Each structure stands twice: as structure tokens, then as C-alpha cells.
Amino acid sequence: MKPDSINIVQIIHETTQKERAEDFAVCWIKDEVETIEIDHVPYKNVSNSIYFINPKHEWKVLKKDSTSSCGYILYLAPEVLNQPSLSHLHINQVRIFNGGEIPLFKLSPGIEKRTQAILEMIDELLGSHLNHKDDAILSLLNTFFVYCDGQCNIKSVASNNNSKTNVVYNFKSLVNKHVLQYHEVAHYADLLNISPKYLNECVKEVLNVGSKSIIIEQLLMRSRHSLKFTSKTIKEISFELGFTSPDYFSYFFKTHTGTTPSALRNN
């Protein structure tokens, strides 16, 4: 790859605007951003969003008066997407940058932290003189795109009319915050002041999965992490995750993974 085919900048200034006219841009916005303008159309409520923007579009990000970073802009020259290690990806095969609309992803809370770590590592590698750094950067980009294409991220397009998307985003945020207490869809519907039926309708339309699967996904993700990376007993993990008994936790885990908690731990 050419030395400048990939570049990454942090969103620090009050206005961050397009710098590299021929490059694709991945705008990852964390928080404290008021608006992203694309072709002079403002979009609000953009926290925790990733925009994939074709070079043909003009854009800028407007943030609040703060010196802290609110995300990253990743610039990719066209040759990068044609690298063999990236060209096979579904996210590239559908030419996500080249459609008539501007793709927008809202990441699942657990994935958000991983994507930030990936972009930070890319930023670090770009400024280094390490051997094989190009291979490492492409590998990280591959992982980044795979995470973005994950089933339980919210995928839509840039729009100012996305009420169902907002419902799903708020639901997923509540699940991330309260999943240790609430395992039933009805609890989250109450917190959102909507019916379980409407909540499930929104989730099904936006994610093509049921509301319950979002709760299950969070419980399984936390279960796997505790089993693999802590020394807590299975009994401790089951109660920490809000299950009524270790036996019920084991039944739940085996039903959804095909293996028992103890088998996963000993793997």
C-alpha cells in the first residue's frame, strides 16, 4: 500500500470536515457531537454512530465546545478496499460505500468498545516504523468491518425520520445497563413506555431478530467473558447475571450454545 492510503484523525475540534477529496471516509462518532452535515443536510442524534461516506459527498462534523476526542475519521483510499484481505468481506461485496444512500450503523454496546480499541491500534500503527505494519493494519481493518457487519448492530441509512431505529437503540442501551436485573422483554417495554408488541415490531424491522434475542445475546456475551477470563465459580456467575439458580443458568447456556458452562471453561 502507498504510505498515505490510510489515515485516521480524531474528532477534537468544534468543526471537523472532509480533508481528502478522493478517499472514502468512515466517521465513527462517540458522543458530544451535535450534528453531522452531509451535502449540507444536518443530521442530529448521532451519538454512537458510524457513517460510511463515499468521496462524492461533502460532509462535516460539529461538536460541542470540548477538548476531548469524540470519535475518529478513518480515510481509506480506493485501493485499500481492493486489498485481497478485504475484498471478500460481505460489507465490501455489497459496496457499502457506493449505494445511493449513506449507510449508518449504531453499534451494539459491547462492540462499541472493541471498535474503539481497533481504531486506536490503527492510529498507533500508522505512526510507527514496525515491520509488517501494513499487514497488521489490514488485519485490524478486516476485524473492524466484521464487527460493523455483526448481526445485532443497528443498520440503517442516514435519515431524519428514524423513530423505530431510535427505539431499538434505546432498548439496546437499556439492556446493556440493566440485563443483570431484567431478563424479560416486558421490563424494557415498561422502561420505554411502549408495549412489548411494539418493541418487538421495532426490533424485528430494524434488526430482523426478536427482542428476546438481544437480551440473550448480552447474557451469553457476559457469560462467556466471566467463564473464560475470571476465576468466579459458575454459581457466582449465575447469580451475578440474575439467574435464579446455577442449574437454570447451565440449562440456559447449553440451550443457546450447545455446550455447558463448565465445558466452555475447560476448553
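User: In this predicted model, what makes α9 and α11 stand out in the lining of the second largest pocket?

Analyst: Each of the two supplies at least two residues of that lining. Helix α11 covers residues 246–257. Its share is the largest, at five residues.

User: Which lining residues of the second largest pocket are closest to its centre?

Analyst: The pocket has a volume of about 200 Å³. It is lined by 14 residues, and the closest to the centre are His 183, Lys 212, Phe 243, Tyr 248 and Phe 252.

User: How do you know how the lining of the second largest pocket divides by class?

Analyst: Tyr and Phe count as nonpolar, Lys as charged, and His falls among the others, as polar. The lining divides into seven nonpolar, five polar and two charged residues.

User: What makes up the lining of the largest pocket?

Analyst: That pocket holds about 250 Å³ of space. Its lining includes Arg 114, Leu 180, Glu 240 and Leu 241. Helix α9, residues 211–229, gives the largest share, seven residues. By class, the lining has four nonpolar, two polar and five charged residues.

User: Why is α6 called roughly perpendicular to α8?

Analyst: Helix α6 (residues 163–178) and helix α8 (residues 196–207) pack at about 105 degrees, with their axes 9 Å apart. Angles of 65 to 115 degrees count as roughly perpendicular. The angle fits that range, so α6 is roughly perpendicular to α8.

User: Which residues make the contact?

Analyst: Among them are Val 167, Val 168 and Phe 171 of α6, and Tyr 198, Leu 199 and Cys 202 of α8. The contact residues divide into nine nonpolar, one polar and four charged.

Definitions and conventions. Residues are numbered from 1 along each chain as its sequence is written. This is a predicted model: local features need pLDDT of at least 70, side-chain atom pairs count only at pLDDT 80 or more; totals for chains, interfaces and linings use all residues. Side-chain values use heavy atoms; hydrogens and water are left out. On a 1 Å grid over the protein atoms alone, a cavity is a set of points where a 1.4 Å probe fits but cannot get out, and a pocket is an open set with protein on both sides within 12 Å along at least five of seven lines; lining residues have an atom within 4 Å of a point. Grid points are joined across faces, edges and corners, and a volume is the space filled by probe spheres set on the points. Helices (H or I, at least four residues) and strands (E, at least two) are DSSP runs, numbered from the N terminus. Axes are lines fitted to C-alpha atoms, for helices over the stretch in contact, and angles run from 0 to 180 degrees between N-to-C directions. Angles under 35 degrees count as roughly parallel, over 145 as roughly antiparallel, 65 to 115 as roughly perpendicular and the rest as oblique. Contact means heavy atoms within 4.5 Å.
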